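Before reading on, please keep the sequence and the 3D view side by side. The paragraphs below lead from the empty spaces in the fold to the way some of its helices pack.

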Amino acid sequence: MRRFVIKAVAASIVGLALSGQVLAADPAKKQIVIGTTVGDFGDMVKQSIKPQLEKQGYTVKLVEFTDYVRPNLALQEGSLDVNVFQHKPYLDNFAKEHKLSLKEAFQVPTAPLGIYPGKLKSLKDVKPGVTIAAPNDPSNFARALVMLSDLGWVKLKPGINPLTASERDIADNVKKVKIVPLEAAQLPRSRSDVDFAVINGNYATSSGIKLPDAVFQEKSYAYVNWGVVRAADAGKPWAKDVVAAYNSAAFKSYTKQKFAGYKLPQNWN
């Protein structure tokens with residue numbers, strides 16, 4: 001009996017030790033520096049990701065940026081370990097242009113592009129000649145065209161690249177849609193002048209528009225943003241711990257409560 005108790009205690013100690021290893025920080029990495037743009041991605045770090053990683057023994061530092069250029073350059077040079085702010089088409093183009101060795105590691109909940117009511121309040125009210133304001137930059141304009149195609153309002157030419165679609169790629173304007181290109185920041189204010197407006201998620205939320213108020217959201221996951229690391233770091237234990245935090249049940253629950261209407265990572269489905 002005494003031998004059985006000793007074995008049981010020993011097994012318990014080993015179990016605790018193994019459990020401790022799962023929760024322990026990577027011994028080769030004490031601090032993780034995460035760079036995000038100001039706003040929702042920074043809030044996700046401060047309110048959910050940082051507490052999770054600190055429970056494992058890491059020190060987490062958040063650096064917030066107001067532009068889309070410095071975060072990738074800072075990651076490449078080593079002043080960041082992870083950045084969270086960009087979709088993959090942007091990452092691929094930026095990394096190629098600047099010869100960076102970066103790798104996408106995990107998707108993050110992202111405020112999606114949506115069609116919001118203007119003079120018309122429902123998709124059922126659509127009629128020929130409908131006016132719709134859309135972002136005038138090429139990338140987001142292409143996204144808007146794909147959404148109109150998904151709705152059946154226009155038909156795009158076969159075989160076109162959906163990431164670079166333009167008005168020249170419209171094969172049939174089924175609903176005789178009149179597209180009004182505008183600067184993305186102006187779109188929330190344009191709704192009183194058009195029937196519908198295609199608005200970026202960040203401009204919608206900053207203007208007090210609730211994402212669930214969209215009458216349609218883009219279906220594509222191509223523009224759900226990614227957390228990115230240096231390619232050489234992708235397989236390291238600390239990087240895997242960051243990925244695990246962003247895919248954890250705690251983060252999913254936090255997202256559901258805090259970010260209603262966001263497009264969620266594809267692997268959460």
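A cavity, in the sense used here, is a set of grid points where a 1.4 Å probe fits but cannot get out, whereas a pocket is an open set of points with protein on both sides. The model in view is a predicted one, and by this rule the count comes to one cavity of 30 Å³ or more.

The largest cavity holds about 40 Å³ of space, and its lining is made up of I132, A134, F141, A144, L145, L148, I179 and V198. If you look for the elements behind these residues, you will find that β6 (131-135) and α5 each supply at least two of them, with α5 giving the most, namely four residues. What is the make-up of this lining by class? It has eight nonpolar residues, no polar residues and no charged residues.

The largest pocket is the next space to visit, and about 960 Å³ of space lies in it. Its lining consists of 38 residues, and those that lie nearest its centre are Y68, F85, H87, N200 and N202. The elements that give two or more residues to this lining are α2 (40-55), β3 (82-86), α4 (88-98), α5 (138-151) and α6 (201-206). By class, the lining of the pocket divides into 17 nonpolar, 15 polar and six charged residues, whereas the lining of the largest cavity has no polar and no charged residues.

One of the elements just named, α2, can now be followed to its helix neighbours. The axes of α2 and helix α7 (residues 237-246) come within 10 Å and cross at roughly 130°. Because an angle of this kind falls in none of the ranges for roughly parallel, roughly antiparallel or roughly perpendicular, α2 counts as oblique to α7. The crossing in which α2 passes α7 is right-handed. Here V45, I49, Q52 and L53 in α2 meet D241, V242, A245 and Y246 in α7, and the residues of this contact divide into six nonpolar, one polar and one charged.

How is α2 oriented with respect to α8? The axes of α2 and helix α8 (residues 249-258) also come within 10 Å, and they cross at roughly 155°. Angles over 145 degrees count as roughly antiparallel, and α2 and α8 are therefore roughly antiparallel to each other. This crossing, too, is right-handed. On the side of α2 the contact is made by D43, M44, Q47, S48, I49 and Q52, and on the side of α8 by A250, F251, Y254 and K258. These residues divide into five nonpolar, three polar and two charged.

As you return to the 3D view, you may wish to locate I49 and Q52, since these residues of α2 take part in the contact with α7 and also in the contact with α8.

Notes. Residues numbered from 1 in each chain as written. Predicted model: local features only at pLDDT ≥ 70, side-chain atom pairs only at ≥ 80, totals over all residues. Heavy atoms only, no water. 1 Å grid on protein atoms, 1.4 Å probe; cavity = no way out; pocket = protein on both sides within 12 Å on 5 of 7 lines; lining within 4 Å. Points joined across faces, edges and corners; volume = space filled by probe spheres on them. Nonpolar A, V, L, I, M, F, W, Y, C, P; charged D, E, K, R; others polar. Axes fitted to C-alpha atoms, helices over the stretch in contact; angles between N-to-C directions. Parallel < 35°, antiparallel > 145°, perpendicular 65-115°, else oblique. Left-handed = near helix turned anticlockwise from the far one by under 90°. Contact = heavy atoms within 4.5 Å.
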